[in-house]
Amino acid sequence: IFSRVLVLLQPHDWAQIAQTCTTLRVECDIVMKTLMFLDLKNGGFLMNDSYFTSLAKRMGSRLRRLELDCWHLTDSSLKCLPESIEELVLCGCDHHSNQILSNVSCRLKGNLRIFAWSGFGGTVSATGFEDLALNNRSLTSFMIDCGTTVDINQAVCTVARNCPLLRELSACNLTTDTLIFIFECGISLQRFRHKERQSGSFHISDAALTLIAEKCPLLKELHLVDKTTTDSVVTDLGLLNLAERASTLRILKLKPTQCSTASEVAIMQLANFCANLSHVELSNFKHLGDPPVYELVQKCINITELSLDYSQISDTSLELISINCSNLRNISVKCCKKLTDLGLKALHHCGSLESVNLGQASGLTDGSLIAICTGNPLLKVLVAGYGQVSDRGLKAVASCMHMRELALNNCLRITNSGIKQIAEGCPMLRFISLSYCEHITDSGVISLAKGCPRLLKVRLDGCRLLSNPSVRILSITNKKLRYLSMQHCMKLTDDVFQHLLSASSLRFVDLGRGKLSTSGFEAYRLQRPLVEICIDGRPYS
């Protein structure tokens, strides 16, 4: 806020405000010394070594949790971490080596309790995480999300072997052997999140659910996602074993690739045994209809998040939810094809929804969108792709001033007029998808970029009327922009690469081939070697 005010001042004003600025800095330093939690995940291009070093000197000894974007930091930057930190979250670690982990280990030796890492490049290996585990044996939470450069199974096994207090694990592509090894080390997880991205990993199956339930008697959170095609599905056996052995569950999210054949009876039993559930996701359960939903909302009275994607629910379920779930904050009914406009309008009565996913659900119209937005003014996330939505509906969306993420892809009736309303009413937007909204032109994107300066991720695939000015304004105005996708935008020319150089925080860009030349791509890659470049969804090589 101060930065935006000060840039409006004339040079002769600076002398008059010099003392004020000094006072403000002193006051900010005093506040910094008292902080126990600091979120720097969205620092953008400002978060370089020099800036972080200066900031670290001002952090007080009370700081316990730090969340940091390392994209513009070098390996040596974390040598100045405050030694008081017990919880460290590092993201954007896409070009680092084991040295950055070594610096963390040396600086926070013995203090670290919670550690999270996200990075998809560089030369970091399992050895770096081994060093971290050996120096922080009191680690209770280990979360890792990375690419193929790291042997995740080796890293997780090392942590399990050396950190007997481990209670929370979040990882991807773990094998069944790794899962068994974790339990053989005497680890009894209370929170377990896993995503299967490649074949060879363990997947959601009756055997996996039974094993986890048997070895983790105090399990509070289980979140399993399958991204690959597998032969196993969840049946009554797996779901009932989980329900009977994990009555302590509060968060249960199961998202198998193939349809689960678990019956309505098994899902109802789950509600009976696990009455403390507050977050429930049962995606792709083909027998999930209105009766199990009734059982869930009756028995699990503290539900705050409910995801029923690809289910067979009807308007009756939404009416039950709106009446019984007074604490509901997040709901997802993606690809539910038995819903109508009337059922979706019932969500108006929830009152406190913060996230609504209606992507490819039937029944979405301007009327239901208006009802949902006006009834839930605190809405922050809205997915309304493929809906029969026009600018009239967007006027209601624009009234949700807290909106952070908005997906309107394939809403073919939207025009620049509706986008301008969004730009004026939703200044906090960080993500927007307007893919295949074919009537959007550069004018609409320009208004969006100016009205929503905090945008981090923008998808404009298939918007065939867009050209270079859209890229130019996004690159210049949205200084924290990390992700830009404009597949099949055929009007782009080589000048777009010069514009992209202004987007210093950009990490991923996908452009339609159109009039773009190979020399243009090569010149841009030479100047921005860390940016991942794609052409119409395929990596550029």
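Guide: Before we count anything: a helix here is a DSSP run of H or I at least four residues long, a strand is a run of E of at least two, and both are numbered from the N terminus. Keep in mind that this is a predicted model.

Visitor: Fine. How many helices and strands are there in the chain?

Guide: By that rule you get 20 helices and 21 strands.

Visitor: What makes the chain agree with a compact globule?

Guide: The radius of gyration does. A compact globule with 541 residues would come out near 24 Å, and the chain has 25 Å, so the two agree. Along the principal axes, the C-alpha atoms fill a box of roughly 75 × 60 × 50 Å. Buried residues account for 53% of the 541.

Visitor: And what about contacts between residues at least 6 apart in sequence?

Guide: Of those, 71% join residues at least 24 apart.

Visitor: What does the surface come to?

Guide: About 22700 Å² is accessible, and carbon and sulfur atoms hold 53% of that. As for charge, the chain has 57 positive and 50 negative, with mean positions 5 Å apart.

Visitor: On to the cysteines. Why is there no disulfide bond between Cys-452 and Cys-426?

Guide: A disulfide needs two cysteine sulfur atoms within 2.5 Å. The closest cysteine sulfur to that of Cys-452 is in Cys-426, 6.8 Å away, so the pair is too far apart for a bond.

Visitor: How do you know that Cys-534 isn't bonded to Cys-489?

Guide: Same test. Cys-489 holds the closest cysteine sulfur to Cys-534, but the separation is 14 Å, which is too far for a bond. The count for the chain comes to 0 disulfides.

Visitor: Why is Cys-452 called buried?

Guide: Buried means under 20% relative accessible area. Cys-452 has 0%, so the label applies. Cys-534, with 4%, is therefore buried as well.

Visitor: What makes the phi of Asn-173 worth a look?

Guide: Its sign. Most residues other than glycine have a negative phi. Asn-173 is not glycine, yet its phi is positive, near 60°. You'll find Asn-173 in the loop between strand E6 (168–172) and helix H7 (176–184). Its relative accessible area is 10%, so Asn-173 is buried.

Visitor: What is the phi of Cys-335?

Guide: Near 60°, again positive in a residue other than glycine. Cys-335 lies in the loop between strand E12 (330–332) and helix H13 (341–345). With 11% relative accessible area, Cys-335 falls under the 20% cut-off and is therefore buried.

Visitor: Which residues of helix H5 are buried?

Guide: In H5 (residues 126–135) they are Ala-126, Gly-128, Phe-129, Leu-132, Ala-133 and Asn-135. The buried residues of H5 pack against helices H4 (98–107) and H6 (152–162), plus strands E4 (114–119) and E5 (141–146).

Visitor: Last one: how do you know that Leu-466 is buried?

Guide: Its relative accessible area is 0%, so Leu-466 meets the under 20% rule. Leu-466 sits in the loop between strand E17 (457–459) and helix H18 (468–477). Setting aside neighbours within four places in sequence, its contacts are Ile-440, Thr-441, Asp-442, Val-445, Leu-460, Met-486 and Lys-491.

Visitor: Where does that leave Arg-62 relative to Leu-466?

Guide: Their C-alpha atoms are 49 Å apart, with their positions 404 residues apart along the chain. Contact means heavy atoms within 4.5 Å, and Leu-466 has contacts including Ile-440 and Met-486.

Terms used
Residues are numbered from 1 along each chain as its sequence is written. This is a predicted model: local features need pLDDT of at least 70, side-chain atom pairs count only at pLDDT 80 or more; totals for chains, interfaces and linings use all residues. Side-chain values use heavy atoms; hydrogens and water are left out. The radius of gyration is taken over C-alpha atoms; the globule rule is 2.2 Å times the number of residues to the power 0.38. Buried means under 20% relative accessible area, exposed over 50%, partly exposed in between (1.4 Å probe, protein chains only). Accessible areas come from the Shrake-Rupley method with a 1.4 Å probe; for residues, only the protein chains shown count as cover. Lys and Arg count as positive and Asp and Glu as negative; His and the chain ends are not counted. The place of a charge is taken as NZ of Lys, CZ of Arg, CG of Asp or CD of Glu.
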